[in-house]
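Colleague: I am new to reading protein models. Could you take me through this one, feature by feature?

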Amino acid sequence: MNGEPIFARGANWIPADALYRNATTEVYDDLLSSAVDANMNAIRVWGGGYYERDEFYRLCDEKGLLVWQDFMFACAQYPADDEFVASVEAEARYQVRRLSSNPSVALWCGNNELEVGVESWFADSENIDRLEADYDRLFRGTLKDVVDEEDPSRPYWSASPSSGPDRVDPENENRGDIHYWGVWHEGKPFSAFQETEPRFVSEFGYQSFPSVETVADVVPEDQHNPTAPLMEHHQRNEGGNKRILQRMADHFRMPSNFDDFVYLSQIQQGMAIRTAVEHWRRLKPHCMGAIYWQLNDLWQCASWSSVEYGGGWKALHHMARRFYAPTLLSMVEDGDDLELWLTTDGTESFSGTVAVEAVTMDGKRLFKGEFDTEGGKSESVRIGRVDIEDALGDASRADVLFRATPLDFEARPAFHFLVPYKRLSLPDAAVELSMSESDGELTVSASAAALFVELQDDRGGRFGDNYFHLAPGEERTVGYEIDGTADGKTVEESISVCHLAETY
């Protein structure tokens with residue numbers, strides 16, 4: 001962008017509503033603003049939807065969002081007789097002419113997953129030769145020619161995923177883009193994300209449930225159970241609710257009520273996507289893009305979205321604001337060591353100091369070290385290692401958290417835990433709130449470690465941060481916005497707090 005390589009940080013876009021007329025400019029603006037607020041710089045308009053209205057692209061122009069624009073072909077094989085090809089050409093030529101004046105449009109893509117279909121799904125078909133010929137005529141011929149003629153300044157990419165101009169292996173991690181679904185569809189652990197080294201990932205995802213309030217809009221309270229018939233109806237991926245429950249057993253103690261189940265499902269989704277994005281950002285410049293599935297929903301359901309139907313943010317979207325931040329601290333285990341990484345997407349050289357601490361859940365410091373870093377613009381560097389056993393001493397892994405904090409530059413602290421959350425010895429932490437009447441900011445503090453602190457406001461306010469960790473004795477200032485005015489006491493009384501230990 002502007003002559004500088006960028007790491008694409010974004011999400012896939014599906015139609016904003018099941019009823020076309022409900023996808024208004026106001027809905028567009030709210031969803032795209034949410035993308036920008038989560039530090040996204042890219043949106044992929046998926047080929048299984050429709051070409052969006054002019055207002056969508058105008059808003060992307062204004063908000064600085066790059067658009068990966070699929071042509072509207074997805075998850076099937078299409079004929080290539082003369083009549084159909086003529087129809088495709090006319091449609092594509094109209095859309096390219098209509099949209100090419102928008103600076104946000106960064107890439108034209110022929111289709112979603114049709115190349116995978118030719119090379120994998122239908123490879124054993126007795127008609128494979130015809131399918132390959134039809135595919136090549138439509139997506140390596142007709143659509144490419146239209147883009148070359150009507151918008152030659154922008155690249156054309158034949159499919160997503162694809163390994164490039166020569167149709168060889170659309171799931172090759174070393175070429176082009178991939179869709180990685182091993183964790184969700186194949187049930188692999190979240191660590192499987194860290195075993196991949198792709199160049200660009202244009203689809204990957206994990207599901208969660210929407211808020212209880214959104215569920216209640218369409219599902220009566222006696223069906224508020226993940227395996228209830230009506231709840232399963234609002235899950236359009238076969239076996240999806242079961243998959244969420246099975247993975248939850250790996251990470252968390254099983255919740256005793258539906259509210260806690262929804263909370264944990266959203267935390268789990270955020271964990272999955274954070275694991276992937278932090279790993280792939282650490283790989284830059286080998287990997288230069290992570291566009292998760294998906295930003296939005298078109299009805300009230302369990303899904304892969306980070307913004308639920310109606311515009312509310314799930315836990316994932318709050319976490320995305322952190323893991324898509326231009327400057328990212330992250331930690332990852334490597335054998336007996338804990339590695340500390342700094343990833344930057346800036347345009348200037350960078351230097352700074354990071355402190356790493358190991359503390360018990362009730363606040364006893366076991367280790368502290370400082371690491372200096374200096375590097376070029378837009379890069380990812382390992383800035384230090386901590387010997388885990390030396391840092392722990394005699395302490396139990398279940399009773400310790402690691403926190404990395406920037407000392408002289410702006411970035412969010414990074415946390416790391418050595419055992420699954422269900423095995424942590426979490427204390428009964430008291431979380432306190434106080435509201436500044438002058439600037440509307442909320443201060444959140446905890447007497448002991450409080451994980452995935454959730455703030456909820458029955459007045460409909462939005463928090464500048466949510467689902468975050470608090471180390472023992474830590475205070476965090478959170479921005480707070482609400483329509484209308486209210487004194488501090490009234491606002492404080494409207495806010496409720498939950499954290500992980502309260503689901504035990």
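Modeller: Gladly. Keep in mind that this is a predicted model. We start with the nonpolar core. The largest one has 112 residues. F71, F204 and Y292 have the most contacts inside it.

Colleague: Which helix gives the most to this core?

Modeller: Helix 9, residues 258-282, with 12 residues.

Colleague: And what does Y292 touch, apart from residues up to four places away in sequence?

Modeller: Its contacts include G10, A11 and N12. F204, I273, H317 and Y324 are also among them. There is a second, separate core as well, with 22 residues. It includes M331, A391, V400 and F409.

Colleague: Now a single helix. Which residues of helix 2 are buried?

Modeller: Buried means under 20% relative accessible area. In helix 2, residues 54-63, that holds for F56, Y57, L59 and C60.

Colleague: Why do those residues sit on the same side of helix 2?

Modeller: Look at directions around the axis. The four cover an arc of only 160 degrees, so they fall on the same side of helix 2.

Colleague: What do the buried residues of helix 2 pack against?

Modeller: Both helices and strands. The helices are helix 1 (25-37) and helix 3 (82-99). The strands are strand 1 (8-13), strand 2 (42-45), strand 3 (66-70) and strand 4 (105-109). Look just past the helix too. G64 follows helix 2, and its phi is positive, near 75 degrees.

Colleague: Which residues are buried in helix 4?

Modeller: Helix 4 spans residues 114-121, and its buried residues are L114, E115, V116, G117 and V118. Helix 5 (128-150) is part of what covers them.

Colleague: Let us turn to pockets. How does one find empty space?

Modeller: A probe the size of a water molecule is rolled over the atoms, and this shows where empty space is left. Here the largest pocket has a volume of about 1,000 Å³.

Colleague: How many residues line the largest pocket, and which lie nearest its centre?

Modeller: The lining has 38 residues. Nearest the centre are R274, T275, F415, H416 and Y421. By class, 21 are nonpolar, 8 polar and 9 charged.

Colleague: Which element gives the most to that lining?

Modeller: Strand 9, with 7 residues. Elements that each supply at least two residues also include helix 8 (240-251), helix 10 (315-323) and strand 15 (414-417).

Colleague: What about the second largest pocket?

Modeller: It holds about 850 Å³ of space. Its lining has 29 residues, and S211, E213, E308, W313 and Q456 lie nearest its centre. Helix 9 gives the most to this lining, with 5 residues. The classes are 9 nonpolar, 11 polar and 9 charged.

Colleague: Next, single residues. Is H234 buried or exposed?

Modeller: Check its accessibility against the cut-off. H234 has 9% relative accessibility, so it counts as buried. It lies in the loop between helix 7 (229-233) and helix 8. Leaving aside neighbours within four places in sequence, H234 is in contact with V218, V219, W299, Q300, C301 and A302.

Colleague: And where is T373?

Modeller: In strand 12, residues 365-375. T373 is buried, because its relative accessible area is 8%. Its contacts beyond four places in sequence include L342, F350 and V381. Compare T24: the two are 349 residues apart in sequence and 47 Å apart in space, C-alpha to C-alpha.

Colleague: Now the backbone. Which peptide bonds are cis?

Modeller: Read omega. From K284 to P285 the bond is cis, with omega near 10 degrees. P285 lies in the loop between helix 9 and strand 8 (289-292). Another cis bond joins W293 and Q294, where omega is about 15 degrees. Q294 is in the loop between strand 8 and helix 10.

Colleague: Which residues other than glycine have a positive phi?

Modeller: F452 is one of them, with phi near 50 degrees. F452 sits in strand 18, and at 4% relative accessibility it counts as buried. Y467 is another, with a positive phi of about 55 degrees. Y467 lies in the loop between strand 19 and strand 20. At 8% relative accessibility, Y467 counts as buried.

Definitions and conventions: Residues are numbered from 1 along each chain as its sequence is written. This is a predicted model: local features need pLDDT of at least 70, side-chain atom pairs count only at pLDDT 80 or more; totals for chains, interfaces and linings use all residues. Side-chain values use heavy atoms; hydrogens and water are left out. A nonpolar core is a set of buried Ala, Val, Leu, Ile, Met, Phe, Trp, Tyr and Cys residues joined through side-chain atoms within 4.5 Å. Buried means under 20% relative accessible area, exposed over 50%, partly exposed in between (1.4 Å probe, protein chains only). Contact means heavy atoms within 4.5 Å. The arc is that of the directions from the helix axis to the C-beta atoms. On a 1 Å grid over the protein atoms alone, a cavity is a set of points where a 1.4 Å probe fits but cannot get out, and a pocket is an open set with protein on both sides within 12 Å along at least five of seven lines; lining residues have an atom within 4 Å of a point. Grid points are joined across faces, edges and corners, and a volume is the space filled by probe spheres set on the points. Ala, Val, Leu, Ile, Met, Phe, Trp, Tyr, Cys and Pro count as nonpolar, Asp, Glu, Lys and Arg as charged, and the others, Gly among them, as polar.
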